[in-house]
Amino acid sequence: MPRLLYLCENINFIVPNANIKLEKVEVMLPGCESLPDVIQDISPDLDSYYLVKRLPVVELVKEEFVKEILRKGHFTGISVGTRVDNHTVVAVLPSGHLILSVDKDLYQELGLSGKPSKYTGRNATRFVVEIDLFNANHSNGKKQYNRVLWSLKDRLNLTFNFIFSWEPINEEKVNFMQLTRLWDKYVLEDLSIVSHTIQKTQTTVVPKLSHNQSLVSTPGDGQDVSSIYEYIGTISCDANQVGGPGIYSSSYTCPEPCEEVKGITCQRWSGLISSEKIKQLLKALRSFVKSDAFVPWAALTVHGFDDSPVSWWRKEHGFHKNGCNLYTILILPDDTYWLYMAIGTNDECP
């Protein structure tokens with residue numbers, strides 16, 4: 001089971017895993033019978049992401065790709081069909097870092113500097129190689145650049161099935177043909193982000209939350225944070241809730257204190273979703289919760305890919321028993337929030 005951490009900070013909203021590869025995003029709005037326009041207008045399913053089959057990893061480090069694509073937008077990509085504890089995995093972050101997670105034999109063949117994995121014991125069997133593509137030395141003619149090209153192309157021509165998203169920085173959309181021109185040898189498949197809606201239109205009981213209440217991790221005095229998180233999970237799973245105890249041996253009731261609202265909407269999107277989109281959703285939710293008196297709070301839950309080589313703040317990520325790396329931001333009307341983090345066994349605590 002993942003570790004569950006609880007943090008409570010005031011006003012200063014920060015997306016905690018801006019470098020994580022995001023596979024699933026969920027918005028929960030009690031007091032709403034449908035998704036409001038402010039969220040629909042920036043819905044992740046309005047965007048696309050792409051699949052390139054058998055893409056040589058050297059294409060991701062070439063100077064032209066860095067100049068024309070990475071530096072002109074937010075590029076996020078990860079290999080698919082690869083297991084981070086067993087296979088070679090590659091990821092490219094919006095920060096311009098390329099991450100390779102490799103086994104010991106491949107690491108020795110690569111000839112690039114890296115660090116032993118923190119999760120393979122004293123005699124390291126896996127290594128993590130990080131290449132800063134925005135570094136001044138990563139340019140044509142520089143020794144470091146030539147070394148990387150030689151290692152990834154002439155020495156080991158690694159290929160992957162690779163998914164990515166790209167959002168140009170400036171208002172005017174950069175012509176996507178730039179990328180298809182660079183990768184004209186490969187077929188780019190346009191993939192759609194999938195959405196799923198859970199709606200409860202009848203009057204529903206939800207936890208009554210206040211930032212001023214004392215917070216505890218076990219039932220008793222104060223607000224039981226674990227029970228609140230469990231409640232969010234029941235809605236996310238579309239589980240039936242029973243109004244009173246004793247009806248069934250496995251009955252569930254809303255944690256106290258609670259209040260009635262007119263329905264709940266829970267919207268989930270799955271695919272490759274950028275951290276920029278999460279920031280947009282968070283900003284819109286903060287504004288909506290403050291302006292709508294019938295919405296007592298909102299929850300934004302973000303799941304990272306289980307087999308991503310990095311998660312929290314570009315730190316190494318492994319799978320082991322589970323590759324869980326997710327967080328939930330519970331937004332209150334006074335512009336404060338609660339932050340839940342579920343961290344896997346092979347993750348460094350952020």
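**View 1. Pairing of strands β16 and β17 in the predicted model**. Leu 330 of β16 has Trp 338 in β17 as its bridge partner. The two strands, β16 and β17 (residues 337-343), run antiparallel and are joined by seven bridges. Together, β16 and β17 form a hairpin, with five residues between the strands. Within the turn, Asp 335 has a positive phi of about 65°.

**View 2. Pairing of strands β15 and β16**. Strand β15 is also antiparallel to β16, and six bridges join this pair. Here Val 302 stands opposite Tyr 327 of β16.

**View 3. The two faces of strand β16**. Asn 325, Tyr 327, Ile 329 and Ile 331 point one way from the strand, whereas Leu 326, Thr 328 and Leu 330 point the other way. The residues on both sides are buried, so that β16 is mostly covered, with seven of its seven residues buried (under 20% relative accessible area).

**View 4. Helix α7 and its buried residues**. Helix α7 comprises 17 residues, from 275 to 291. From its first C-alpha to its last, α7 reaches 25 Å, close to the 24 Å expected at 1.5 Å a residue. The buried residues of α7 include Ile 278, Leu 281, Leu 282, Leu 285, Phe 288 and Val 289. An α-helix has 3.6 residues a turn, so residues three or four places apart point the same way.

**View 5. The surroundings of helix α7**. Among the elements that cover the buried residues of α7 are the strands β2 (22-30), β14 (258-273), β15 (298-304) and β16 (325-331). Helix α1 (37-40) also contributes to this cover.

Technical notes. Residues numbered from 1 in each chain as written. Predicted model: local features only at pLDDT ≥ 70, side-chain atom pairs only at ≥ 80, totals over all residues. Heavy atoms only, no water. Helix = DSSP H or I, 4+ residues; strand = E, 2+ residues; numbered from the N terminus. Expected span 1.5 Å × (residues − 1). Buried < 20%, exposed > 50% of the residue type's maximum accessible area, 1.4 Å probe, protein only. Contact = heavy atoms within 4.5 Å. Pairing = 2+ DSSP bridges.
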